[in-house]
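Colleague: I would like to go through the pockets and one sheet of this model. Please set each value against its definition.

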Amino acid sequence: MSPKKYLYTPGPTPVPPAVLAALGEPVVHHRSPDFRPVYERCLMRLREVCRTREDVLLFGASGTGAFESAVANLVSPGEPQLVVSAGNFGERWAALTAAYGADVDHLRYAWGETPDAEDVRARLRERPAKAAWVVHSETSTGVVADVQAIAAAAKESGALVVVDAVSSLGAVPCETDAWGLDVVVSGSQKALMTPPGLGLCAVSPAAYAATGSSPRFYFDWERTRKAQASFDAAFTPPVSLVVALDVALGLLLEEGLEAAFDRHIRLGRAARAGAKAMGLELFSPDEDRSAVVTAVRAPEGVDAGDVVKALRDRFGMTIAGGQGELRGKIFRLGHIGWFDVFDITTMLAAVELVLAELGADIERGIAVTAALEAYEHSRVA
Ligand code: PLP
């Protein structure tokens, strides 16, 4: 028997069978009646998931590609931009905006800290910027920021708000229109339960009106927006991925966004309860908003990289290690998208076995029960 594989990272994530089946359908032509209705439905469903009345632009690209579209369209060389970072992805956006010649004001927190709306307000008062670039769910640390409050603070100074919702969209609330988010960027391979390869960008009228002078072609928002208006893609889209994403979004909307948010809160509670029951220390905050990925400190004397490696070698299980300065110090248990509580108990049981084998002093045999209890007895009001 070929060994079973478990994908427990915060992206890519497991893909439901109906989505996989859609990927296996014959390839259709993107300018034919076989594709257009699917494209139209997929784009409309994306609006629902992003909670916006505006167009959601879809690109054949990873999340970083979609984010680069925001940079290429909004940044002009020399213009001030405020980038808020508290981990790997925020730092990536500081580097990317700088690469386009922005005059970057980098509001930089230590990895694992939670960005604060008051800091953003004060910083923009002192030094106004065209846009504030913010990460909603910082996947490298497990921190989910209060983007609603940060957006409200940024708006006071007239800045546009650009949000990296790559690992949050579909897992935790992201109210594009209601919170006044000008650009929301995401990707297919996280809570949207589809393989990697599609990047998306919800764009407000104010953001379209503020486009800058950086050179762009494939990622030009206006070109894609015009083409999407008649459901005629600007370039050949990855048709099979679009067909699959449409099915995945249908599943998500059938569950209901609120129900999905509720499930993610409970999955997060279960993961944290299990880790704590073992006696492990959480790195990500012990709070409901932290519902995307649970980051756990490796116990004394254990390298987190060895935990990741042992899980893969022994059980065919892939979790995420620490990135950058957190390499070797933390491991991360992803729980976005097609996850239920038994995924959490499976990963906890395997982590427990592996930690014991690596000689860690942990409490054995109670993590699974603690996780189940936290999941079942914590229905969100
Ligand atoms: N932003 C966040 C918060 C992410 O988690 C990721 C992917 O891990 C990215 C951006 C980058 O997305 P991609 O790898 O699809 O380019």
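The talk below takes the pockets, then the sheet.

Modeller: This is a predicted model, where local features need pLDDT of at least 70, side-chain atom pairs count only at pLDDT 80 or more, and totals for chains, interfaces and linings use all residues. Numbering starts from 1 along each chain as its sequence is written, and side-chain values use heavy atoms, without hydrogens and water.

Colleague: What volume does the largest pocket have?

Modeller: About 270 Å³. A pocket is an open set of points on a 1 Å grid over the protein atoms alone, where a 1.4 Å probe fits, with protein on both sides within 12 Å along at least five of seven lines. The volume is the space filled by probe spheres set on the points, joined across faces, edges and corners.

Colleague: Which residues of the lining are closest to the centre of the largest pocket?

Modeller: Gly11, Phe89, Thr139, Gln189 and Lys190, out of 19 lining residues (an atom within 4 Å of a point). The lining holds 5 nonpolar, 10 polar and 4 charged residues. Gly counts as polar, so Gly11 is on the polar side.

Colleague: What lines the second largest pocket?

Modeller: Among others, Lys4, Tyr8, Trp338 and Asp343. The split is 6 nonpolar, no polar and 4 charged.

Colleague: Why are E11 and E13 at the edges of the sheet?

Modeller: The order is E11-E14-E13, antiparallel. Strands (E, at least two residues) are DSSP runs, and two pair if DSSP finds at least two bridges between them. E11 and E13 each have a single partner strand, so one side of each lacks a neighbour in the sheet. E11 and E14 pair over 5 bridges.

Methods:
Helix = DSSP H or I, 4+ residues; strand = E, 2+ residues; numbered from the N terminus.
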